Amino acid sequence: MRNRVRLGRSFGWLWAAYAVSAYGTGLGFGAFSVIAIQVLHAGPAGVAALSASGLAIGALLAVPLGPWMEFRAKRPVMIAMDVVRFAALGSVPLAYGLGVLSFPQMLVVAVVSGAAKIAFTAAGGAHLRSLVPADALLVASSRFESTTWSATVVGPPLGGAAIGLFGPVTTVLADALSYLLSALGIASIRQPERRRPDRAGPRRWRDFAEGWHYLFGHRALRRLFVNVVAVHALIMAGEPLASVLMLGRLGFPAWQYGLAFAVPCLGGLIGSRLARRVAIRCGDGRVLRVFGALRVCWPLGLAFVQPGPAGLVLVMSTQFALIVCMSLFNPVLAAYRLTVADPARHARLLTAWSVGTSIGIALTTLLWGLLAQVTGVRAALALAGVLLLATPLLLPSREALDDRQVNDCIIAG
């Protein structure tokens with residue numbers, strides 16, 4: 001008989017809250033770009049600035065939230081961040097209806113939403129550790145991963161249809177309402193939170209660096225972090241270039257472009273369902289090393305896309321293979337990170353991780369946009385693909401990953 005892991009009602013509420021916000025985000029995918037182009041008549045530079053500022057400035061604003069959250073109950077923080085995102089995104093359709101929507105407002109909304117997302121993710125990761133036992137973390141992480149990919153499959157096509165039928169701000173309103181529903185779901189959790197660590201004294205400036213200090217003091221987490229930042233930054237930097245290549249130079253219709261990146265997300269459902277079985281059979285250290293290497297073998301194919309059905313099949317096959325590998329890697333990484341890290345520093349660690357990843361993606365996206373102007377889109381995509389092939393060298397050794405003891409580095413003060 002198959003061994004089933006019961007995660008409990010409290011996790012069910014958390015999962016439901018995550019699901020409704022994930023589907024809201026899926027519906028709103030690309031909505032800011034559509035509004036910037038169709039309503040505010042922004043050019044490519046403005047669209048890129050809107051995307052990058054939300055990641056980079058939002059990440060910088062989130063830096064002090066890590067130490068602040070560590071010594072507070074996590075559920076009120078998560079609810080507050082959902083309410084902040086509801087208010088920020090809800091201001092867009094309101095301003096649009098009043099005829100006063102502006103590009104500076106869109107920038108502010110992107111920044112506030114980006115900071116709130118990082119804070120919510122860090123608080124949610126730390127809270128998950130108190131809701132489920134350590135041996136169920138991989139199952140819980142896999143469910144979040146499968147929800148993310150299913151929302152990515154369903155949300156963007158429905159969102160595109162809704163924008164066509166009801167106008168450009170429709171999906172932003174749906175996304176805003178999803179955060180309100182998420183806040184209500186989190187408020188329904190009744191399981192007491194784990195006791196919070198006591199603050200040793202008043203907050204000092206070096207408190208803000210504790211998450212980074214701890215992260216870079218742990219040999220396995222340090223190398224995993226550097227690998228993840230490099231991989232995500234290079235993959236995300238190629239996405240806008242792929243859209244320019246396919247929609248502009250190769251003449252793919254918009255529906256084919258959406259299909260090319262939506263259908264492969266079914267691979268995320270496959271990989272996330274297999275993650276626990278593969279980790280049990282092979283060990284999480286081997287999964288992180290093997291699929292950490294396999295996930296970077298595919299994006300180079302985007303540099304060789306040609307027009308017509310063959311090009312569409314090439315994009316879909318490379319994306320499918322990439323997503324299967326990523327959806328096996330990601331939940332194992334999430335569970336490993338919470339297992340080996342000191343529970344008293346989870347919020348600071350996860351905040352540092354999210355901030356570093358967001359800044360890396362923003363800077364690399366801007367750099368690769370400039371590179372494409374100089375070298376051409378295909379050359380920039382090819383360079384990103386070649387550099388990705390070198391990122392497995394950044395993964396931790398098998399011995400470092402197999403060391404299950406919590407890092408005992410001491411943070412001064």
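1. A polar contact is a pair of N or O atoms within 3.5 Å; within protein, one atom must be able to donate a hydrogen and the other to accept it, and residues adjacent in sequence count only if both atoms are side-chain atoms. One such contact, of 3.2 Å, joins the side chains of H127 and R75.

2. Some notes on the model come next. This is a predicted model, in which local features need pLDDT of at least 70 and side-chain atom pairs count only at pLDDT 80 or more, while totals for chains, interfaces and linings use all residues. Residues are numbered from 1 along each chain as its sequence is written, and side-chain values use heavy atoms, with hydrogens and water left out.

3. The protein has 17 helices and zero strands. Here helices (H or I, at least four residues) and strands (E, at least two) are DSSP runs, numbered from the N terminus. Of the 413 residues, 51% are buried; buried means under 20% relative accessible area, exposed means over 50%, and partly exposed lies in between (1.4 Å probe, protein chains only).

4. The protein exposes about 18800 Å², and carbon and sulfur atoms supply 68% of this area. Accessible areas come from the Shrake-Rupley method with a 1.4 Å probe; for residues, only the protein chains shown count as cover. A contact means heavy atoms within 4.5 Å. Among contacts between residues at least 6 apart in sequence, 87% join residues at least 24 apart.

5. H127 sits in helix α6 (residues 103-131). Its relative accessible area is 1%, so H127 is buried. Leaving aside neighbours within four places in sequence, H127 is in contact with K74, R75, M78, I189 and E193.

6. Helix α15 (residues 346-375) contains S354. The helix has 30 residues and reaches 42 Å from its first C-alpha to its last, close to the 44 Å expected at 1.5 Å a residue. That expected span is 1.5 Å times one less than the number of residues. Just after α15, G376 takes a positive phi of about 100 degrees.

7. Is S354 buried or exposed? S354 is buried, because its relative accessible area is 17%. Not counting residues up to four places away in sequence, S354 touches I118 and T121.

8. V229 lies in helix α10 (residues 219-249) and counts as buried at 16% relative accessibility. Leaving aside neighbours within four places in sequence, V229 is in contact with G356, T357 and G360. V229 and I359 are 130 residues apart in sequence and 9.0 Å apart in space, C-alpha to C-alpha.

9. A49 is found in helix α3 (residues 44-62). At 33% relative accessibility, A49 counts as partly exposed. The C-alpha atoms of A49 and A362 are separated by 9.3 Å, with their positions 313 residues apart along the chain.

10. On the surface, L259, V263, L266, I270, L274 and F320 make a nonpolar patch of about 430 Å². Patches are made of residues with over 30% relative accessible area and no salt bridge; like charges are joined within 9 Å, and nonpolar side chains (Val, Leu, Ile, Met, Phe, Trp, Tyr) within 5 Å. A salt bridge is a side-chain nitrogen of Lys or Arg within 4 Å of a carboxyl oxygen of Asp or Glu. Helix α12 (residues 266-282) gives the largest share of the patch, three residues. I270 has its place in α12 and, at 40% relative accessibility, counts as partly exposed. An α-helix has 3.6 residues a turn, so residues three or four places apart point the same way.
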